[in-house]
Amino acid sequence: MASSDKIVILTGAGISAESGIETFRAEDGLWAQHRVEDVATPEGFARDPELVVNFYNARRAQLADVVPNPAHKALARLEAAHQGEVVVITQNVDDLHERGGMKKVWHMHGELNSALCAACDHRWAAPLVMAPGDACPSCHAPAARPDIVWFGEMPYDMDALFAHLGAADVFAAIGTSGNVYPAAGFVAEARRAGAHTIEFNLERSAVGSQFQEHRTGPAGQTVPAWVDEILGS
Ligand code: OAD
């Protein structure tokens, strides 16, 4: 790898697993405990806003009990020390990349610590406990919702993210199962751009065959080792 290479990294729930946040699709994961249709769709929110808001309140509260792990910290080290551009795109709604020291993170699926006005699209720092019908501080409509991209909604910043993928020299996917598009299609986009593609996971993901290189094992070990290689330390 050249020191000027542009590195684009996609992270998923697996990078936060060693911090103690459950993934979605593990046998005992979040989607085994909750129905996606109930807590992660606009229709579910319309049906039972309290259930949905409480689901995300519980997950926001959990952030106080977890800390970034060596994989988050290693990516922050890479961002600070690599000569080329480093772009980190996360599907995660936690704040562990930021608390691990990373300056810029693209949260394509939203953020637990952000609230969104369904009436005017204004965003603000979410209180620890949101309630259905909370007022928007900008337009005052009682239309606050968690700033989470639900199934059926468009992930954030797609134009910018595809532009980064189209210019990537290296693309790495860390701890994501490759089941949810458009993120699962990023590897194909990066390969079209001629990037070298690497998957970090405990196992092959659903799109694992599209990667040229696999680093198998817990991200807390494999990611710091990779960053050391790149930075030559
Ligand atoms: P998943 O739960 O689908 O997948 C987690 C992946 O991480 C799996 O492939 C695991 O093998 C891997 N993994 C688990 N522990 C790991 C570890 N210690 N080191 C490395 N890999 C590990 O989570 P995502 O792929 O992030 O969207 O899910 C994508 C989206 O689906 C989420 O953003 C969420 C969900 O529904 C929304 O809520 C909109």
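**Strand β1 and its surroundings in the predicted model**

L10 of strand β1 sits across from A173 in β7. In this predicted model, the two strands β1 and β7 run parallel and are joined by five bridges. On the β2 side, β1 again finds a parallel partner, with five bridges between β1 and β2; here T11 is the residue that faces T90 of β2. Pairing of this kind rests on backbone hydrogen bonds, and can be either parallel or antiparallel.

How do the side chains of β1 point? I7, I9 and T11 go one way, V8 and L10 go the other, and all are buried. That fits the general pattern, in which side chains of a regular strand alternate between the two faces of the sheet. With five of its five residues buried, β1 is largely enclosed by the rest of the structure.

Zooming out, β1 belongs to an open sheet of six strands, paired in parallel and ordered β3-β2-β1-β7-β8-β9. The edges are taken by β3 (106–107) and β9 (213–216), each of which has a pairing partner on one side only. Helix α6 (residues 70–81) packs on this sheet, where it touches β1 (7–11), β2 (86–90) and β7 (170–174). The direction of α6 makes about 160° with that of β1. Towards the β9 edge, β8 (residues 196–201) pairs with β9 in the parallel sense over four bridges, and E199 stands opposite H214 of β9.

Helix α8 (residues 158–165) has a buried set made up of M158, L161, H164 and L165. These residues lie on the same side of α8, because the arc they cover around the axis is only 125°. D159 and A163, on the other side of α8, are exposed. And what covers the buried residues? The cover includes the strands β1, β2, β3 and β7, along with helix α9 (186–192).

Two further helices each offer a buried polar residue to look at. In α5 (residues 49–62) there is N57, which counts as buried because its relative accessibility is 8%, under the 20% cut-off. The side chain of N57 makes a polar contact of 2.8 Å with that of R60. Leaving aside residues up to four places away in sequence, N57 touches L128, V129 and M130. In α10 (residues 219–231) the residue is T222, which at 13% relative accessibility also falls under 20% and so counts as buried. With the sequence neighbours up to four places away set aside, the contacts of T222 are F200, R215, T216 and G217.

Then there is the ligand. It is surrounded by 23 residues, and the closest are F24, R25, T176, S177 and N201. S177 reaches the ligand through its side chain, with an N or O atom 2.6 Å from a ligand oxygen. Backbone atoms take part as well: a polar backbone atom of A13 is 2.8 Å from an oxygen atom of the ligand, and for Q91 a backbone N or O atom lies 3.2 Å from a ligand oxygen.

Key:
Residues numbered from 1 in each chain as written. Predicted model: local features only at pLDDT ≥ 70, side-chain atom pairs only at ≥ 80, totals over all residues. Heavy atoms only, no water. Pairing = 2+ DSSP bridges. Contact = heavy atoms within 4.5 Å. Axes fitted to C-alpha atoms, helices over the stretch in contact; angles between N-to-C directions. Buried < 20%, exposed > 50% of the residue type's maximum accessible area, 1.4 Å probe, protein only. Arc of directions from axis to C-beta. Near = heavy atom within 4 Å. Polar contact = N/O pair within 3.5 Å; in protein donor to acceptor, adjacent residues only side chain to side chain.
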